[in-house]
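This report describes the fold of the model displayed below, with attention to its sheets and to the helices that pack on them.

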Amino acid sequence: MSRTLEPTAPGSGSEKTLRVAQRSALRKFMTRPEVGSLVGAVIVFSVFFTIADPFRTGAALATILYASSTIGIMAVAVALLMIGGEFDLSAGVAVIASGLTASMFAWYFSVNVWVGAAAALVVSLTIGFLNGWLLVRTKLPSFLVTLAMFLMLQGLNIAITKLVTGQVSTTNISDMDGFESARAVFASSFSVMGVDVRITVVWWMVFVGLATWVLMRTRVGNWIYAVGGNQESARAVGVPVAKVKIGLFMTVGFFAWFSGMHLLFMFNTVQSGEGVGNELLYIMAAVVGGCLLTGGYGTVVGAAIGAFIYGMTRQGIVYAGWDNNWVFFFVGAMLLLAVVVNGWVRTQANKR
Amino acid sequence: MTSAKATPQASAGAGAQTAPLLELDGIGKSFGNIRALTDIGLKVGAGEVTCILGDNGAGKSTLIKIIAGLYRPTAGRYLVDGGEVDFSSPRHALDRGIATVYQDLAIVPLMPVWRNFFLGSELRRGVGPFRMLDAARMRRIADEELKKMGIDLPDIDAPVGNLSGGQRQVVAIARAVYFGARVLILDEPTAALGVKQSGVVLKYINAARDAGLGVIFITHNPHHAFLVGDHFVIIKLGRMELDRPRAELTLDDLTHHMAGGAELDALQHELKRGGAPEVAPLHDAGDEGPDVRRL
């Protein structure tokens, strides 16, 4: 129901015409959160395109996209969560926890791997729910809640794997029922003009598109921005803040499941000690892409560009024949640069 | 309009035929051993502006939060349309047509104006899982509603954080009215505004009343209150010190009460010498301390 009032206020002589000049289209474009990362991506691409011959091939691009997608898929969910004003430090080990669950469940009970995958999905969503629920109930910062979850999961991953398999990695499940179809979904590749492209690249694009649509065009998306931008205001106008936050953590859980399934069906086994540090790469991708650490600002497309920068840097250094240890130096430098540029562009563009 | 005696809680509506939109009866709120509010009675009818005045810490904010559904009262009854209610969230209050415009305006500075305008009550089109925001319609309506209030924004997509204080206030009020508020609670809407912008807000309060809304106007400025109010309540230390309709009150009375009222009378009596001191200069409750000493 709605009601409108008759015009009452004075000064209908437009203040706009008197005081405000139209912003140029360029200015408008410059206020987009992902501008900084776009500039960064172009620079990184140009640099490696110039210095590394192998970088210029289609196969190299496919490899870069694959490397980007492994980080990028999780970065989609982490970006949504950051726009909603929270972190998830447990995201990296949650991916491994999911892969371990699927593998060991299917192996231990000798069931179809899809049953294992379903069990892993339940576990992943539960981890996400617990993160969100603890955050909402205790009102502790997400840094603490998810740090605790990160440490607990890391311990559980190794301890339970040792209990079940007697080793630190899971048993090879490639000969089990349903493995082929699961691999087709999570870890296959297909040929485009003679270049092998991993299916995760396609999933990544799909997820980015879907998340962008949700964020920009649905009510939930509006709520995510509101919850991250000003939680109290959002609550006051009737946004279900707790549900949104828990939902965001569960979204991270879902994507952790997806990434875990990719790992499992790509490599047949999962190392229980892996995943540590990846959560920071996801956050890095989101921040490079223009998400504010304080929430309420950013886009999923930006996070995708952030992940792409990571993929280019990682593979570009290999193609350039440099020592692989330089990767993190450049990723770190890129992060610093992107944050500074993003902040600067934002203040410049908002000046009227 | 409800008629009332000068005593608190006795705001019995002698002339009211129908139940008031909103009624508080003996409302109290304690936080542990602190009694923030005691025995508050209030009636708000359609087309009526009730002004709640009080010093800082008097309990105004607690009262608003109870009315808005953020707090539950620990004593007394809260009635809407004559029926007792127990709001557990602001959403419930909103659903009953009780909308609050907070001092912090409940806006999200980083979000565009139109998204703020429709936040929590988004317009959607499409069906099932593909229901999505009707952005074009929301932009248009937000722009139209703001233009009616004399605010013509250069860019409805600009973040609200870029607007001036008065413009933000108007966005928040226009939003509440548009969404079918029957009772509009305004928490110190003129506190941070200049003269002209305060005027715009006060005119809009008038317009809202003429449109048949019940308005609860919280302020500590008796001049602003007297310009638009039909009924005046002064809260002091969590209790109602004054509860009177406009007909039984003058601006001087109101200012006098706000400035300390009964205590000042006693003090005046004590300090009496020669001619009676003026009480009129005591405009602002904030100056109560120094003024008393100067007397």
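Which strands of chain B does helix H5 lie across? Helix H5 (residues 165-178) of chain B lies across E6 and E9 of chain B and runs at about 175° to E6(B). Angles here run from 0 to 180 degrees between N-to-C directions, with axes as lines fitted to C-alpha atoms, for helices over the stretch in contact. Contact means that the C-beta atoms of two residues, placed from the backbone, lie within 7 Å.

The model is predicted: local features need pLDDT of at least 70 and side-chain atom pairs count only at pLDDT 80 or more, whereas totals for chains, interfaces and linings use all residues. Residues are numbered from 1 along each chain as its sequence is written, and chains are lettered from A and ligands numbered from 1 in the order in which they are written.

## Chain B: the six-stranded sheet

Chain B has ten helices and twelve strands; these are DSSP runs numbered from the N terminus, helices being H or I with at least four residues and strands E with at least two. Of its 295 residues, 48% are buried, that is, with 20 or more other C-beta atoms within 10 Å of their own, against 12 or fewer for exposed residues and partly exposed in between; the C-beta atoms are placed from the backbone.

An open, mixed sheet has the strand order E6-E9-E10-E3-E11-E12 in chain B. Its edge strands are E6 (98-101) and E12 (239-245) of chain B, each of which pairs on one side only. Neighbouring strands of this sheet are turned by 15° against each other on average, direction ignored. Two strands pair if DSSP finds at least two bridges between them.

Strand E9 (residues 183-187) of chain B runs parallel to strand E10 (residues 214-219) of chain B, joined by five bridges. E9(B) also pairs with E6(B) in the parallel sense, over four bridges. Three bridge partnerships of E9(B) are tabulated.

| Residue in E9(B) | Partner |
|---|---|
| B:Ile185 | B:Ile216 in E10(B) |
| B:Val183 | B:Gly214 in E10(B) |
| B:Ile185 | B:Thr100 |

From E9(B) the chain passes through helix H6 (residues 195-210) of chain B to E10(B), a right-handed β-α-β crossover. Right-handed means that, with the strands pointing away from the viewer, the path from the first strand over the helix to the second runs clockwise. Both faces of E9(B) are covered: B:Val183, B:Ile185 and B:Asp187 are buried on one side, and B:Leu184 and B:Leu186 on the other.

Helix H8 (residues 251-258) of chain B lies across E3, E11 (231-236) and E12 of chain B, at about 15° to E11(B). Within strand E3 (residues 48-54) of chain B is B:Gly54. B:Gly54 is buried because 23 other C-beta atoms lie within 10 Å. The C-alpha atoms of B:Gly54 and B:Ile234 are separated by 5.5 Å, although the residues are 180 apart along the chain.

## Chain B: the four-stranded sheet

A further open sheet, antiparallel in its pairing, has the order E2-E1-E4-E5 in chain B. Strands E2 (34-44) and E5 (83-84) of chain B each have a single partner strand, so one side of each is left without a neighbour in the sheet. Helix H1 (residues 60-68) of chain B packs on this sheet, touching E1 and E2 of chain B, and its direction makes about 60° with that of E2(B).

## Chain A: helix H3

In H3(A), the buried residues are A:Gly36, A:Ser37, A:Gly40, A:Ala41 and A:Phe48. A:Val42, A:Ser46 and A:Thr50, on the other side of H3(A), are exposed.
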